[in-house]
Amino acid sequence: MEQILKYFPNLTEKQKEQFAALYDLYFDWNSKINVISRKDIENLYLHHVLHSLGIAKMINFRSGTTVMDFGCGGGFPGVPLAILFPEVKFHLVDSIGKKVRVAREISEAIGLENITFAHSRGEDVKEKFNFVVSRAVMPLADLVKICHKNVNKEQHNALPNGIICLKGGDLNAEIQPFKKCVDMIELHNYFAEEFFKGKKVVYVPIN
């Protein structure tokens, strides 16, 4: 929790309680349904929660914004973002039902009311949202190909509607098809921990 409060000091008491509850909940569920590497569960806040919140360094979602988390796994980045932005509606989608179950159960346990779930392939999701977010699910071109249909034209934010994903490593080749419109930030410029070297947030507007 110290790592979360270090970078997001203005959380409400309810948000602090929700973030604080995540460790025990994920530890318990992960022992039944493996959604995080067993070796990595000790680093839940740094490697998963804070990493997910890196998207908030690209955009401060305004009230009323709708966001789909494509390939949410056990709930990242969607669950931490739903805690941080209680006035934003999040829809978490994954093709693996047991992972969706973990994310749903944890969200219910901490009282998240701005989040819904679907056990579905992204290709089959028809609803439209202001943004699609994702964490290292697939190459950017494939993600845009699947999810561009889910981005609507109704604008709520300073940043035009589009796709925002968490990625790492050398992305020069991956972003090449989008070089005229892509925006990218380096998370090590915002978070001091060694883990964030090479970690990026990539944004592609969808017209």
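**Figure 1. Asn 114 and its surroundings.** Welcome to this predicted model, where the backbone oxygen of Val 88 lies 2.8 Å from a polar atom of the Asn 114 side chain. The side chain of Asn 114 also reaches the backbone oxygen of Ala 82, at 3.1 Å. To find Asn 114 along the chain, look in the loop between α5 (97–109) and β3 (115–119). Is Asn 114 buried or exposed? Its relative accessibility is 11%, so Asn 114 counts as buried. Leaving aside neighbours within four places in sequence, the residues in contact with Asn 114 are Ala 82, Phe 85, Pro 86, Val 88, Lys 89 and Phe 90. Take Pro 86 from that list: Asn 114 and Pro 86 are 28 residues apart in sequence, yet their C-alpha atoms are 6.3 Å apart in space.

**Figure 2. The second largest pocket, with Asn 114 in its lining.** Asn 114 appears again here, as one of the residues that line the second largest pocket. About 170 Å³ of space lies in this pocket. Along with Asn 114, the lining holds Thr 12, Lys 14, Gln 15, Gln 18, Ala 82, Ile 83, Pro 86, Gly 111, Leu 112 and Glu 113. Two elements, α2 and α4, give two or more residues each to the lining of the second largest pocket. Which of the elements gives the largest share of this lining? That is α2, with 3 residues. Sorted by class, the lining of the second largest pocket divides into 4 nonpolar, 5 polar and 2 charged residues.

**Figure 3. The largest pocket.** This view moves to the largest pocket, which has a volume of about 310 Å³. Its lining is made of 19 residues. Which of them lie nearest the centre of the largest pocket? They are Gly 71, Cys 72, Gly 73, Asp 94 and Val 137. By class, 7 of the lining residues are nonpolar, 7 are polar and 5 are charged.

**Figure 4. Helix α3, a mostly covered helix.** Helix α3 spans residues 44–53, and 10 of its 10 residues are buried. Follow the helix from Leu 44, Tyr 45 and Leu 46 through His 47, His 48, Val 49 and Leu 50 to His 51, Ser 52 and Leu 53, and you pass buried residues at each of these places. What covers the buried residues of α3? The cover includes the helices α1 (2–7), α2 (13–32) and α4 (78–84), together with the strands β4 (131–135), β5 (162–168) and β7 (199–205).

**Figure 5. His 47, a close-up within α3.** His 47 has its place in helix α3. With 17% relative accessibility, His 47 falls under the 20% cut-off and therefore counts as buried. A polar contact of 2.7 Å joins the side chains of His 47 and Asp 40. Not counting residues up to four places away in sequence, His 47 touches Arg 135 and Phe 195 as well as Asp 40.

**Figure 6. The nonpolar cores.** The largest nonpolar core has 55 residues, and those that touch the most other members are Leu 22, Tyr 26, Phe 61, Phe 90 and Ile 164. The largest share of this core, 6 residues, comes from α3. Ile 164 gives a good place to look around: setting aside neighbours within four places in sequence, Ile 164 is in contact with residues including Ile 55, Met 58, Ile 59, Phe 61, Phe 131, Val 133, Leu 159, Val 201 and Tyr 203. Apart from this core there is a second, separate one of 22 residues, with Leu 143, Cys 147, Phe 178 and Val 182 among them.

Definitions and conventions: Residues are numbered from 1 along each chain as its sequence is written. This is a predicted model: local features need pLDDT of at least 70, side-chain atom pairs count only at pLDDT 80 or more; totals for chains, interfaces and linings use all residues. Side-chain values use heavy atoms; hydrogens and water are left out. Buried means under 20% relative accessible area, exposed over 50%, partly exposed in between (1.4 Å probe, protein chains only). Helices (H or I, at least four residues) and strands (E, at least two) are DSSP runs, numbered from the N terminus. Contact means heavy atoms within 4.5 Å. A nonpolar core is a set of buried Ala, Val, Leu, Ile, Met, Phe, Trp, Tyr and Cys residues joined through side-chain atoms within 4.5 Å. On a 1 Å grid over the protein atoms alone, a cavity is a set of points where a 1.4 Å probe fits but cannot get out, and a pocket is an open set with protein on both sides within 12 Å along at least five of seven lines; lining residues have an atom within 4 Å of a point. Grid points are joined across faces, edges and corners, and a volume is the space filled by probe spheres set on the points. Ala, Val, Leu, Ile, Met, Phe, Trp, Tyr, Cys and Pro count as nonpolar, Asp, Glu, Lys and Arg as charged, and the others, Gly among them, as polar. A polar contact is a pair of N or O atoms within 3.5 Å; within protein, one must be able to donate a hydrogen and the other to accept it, and residues adjacent in sequence count only if both atoms are side-chain atoms.
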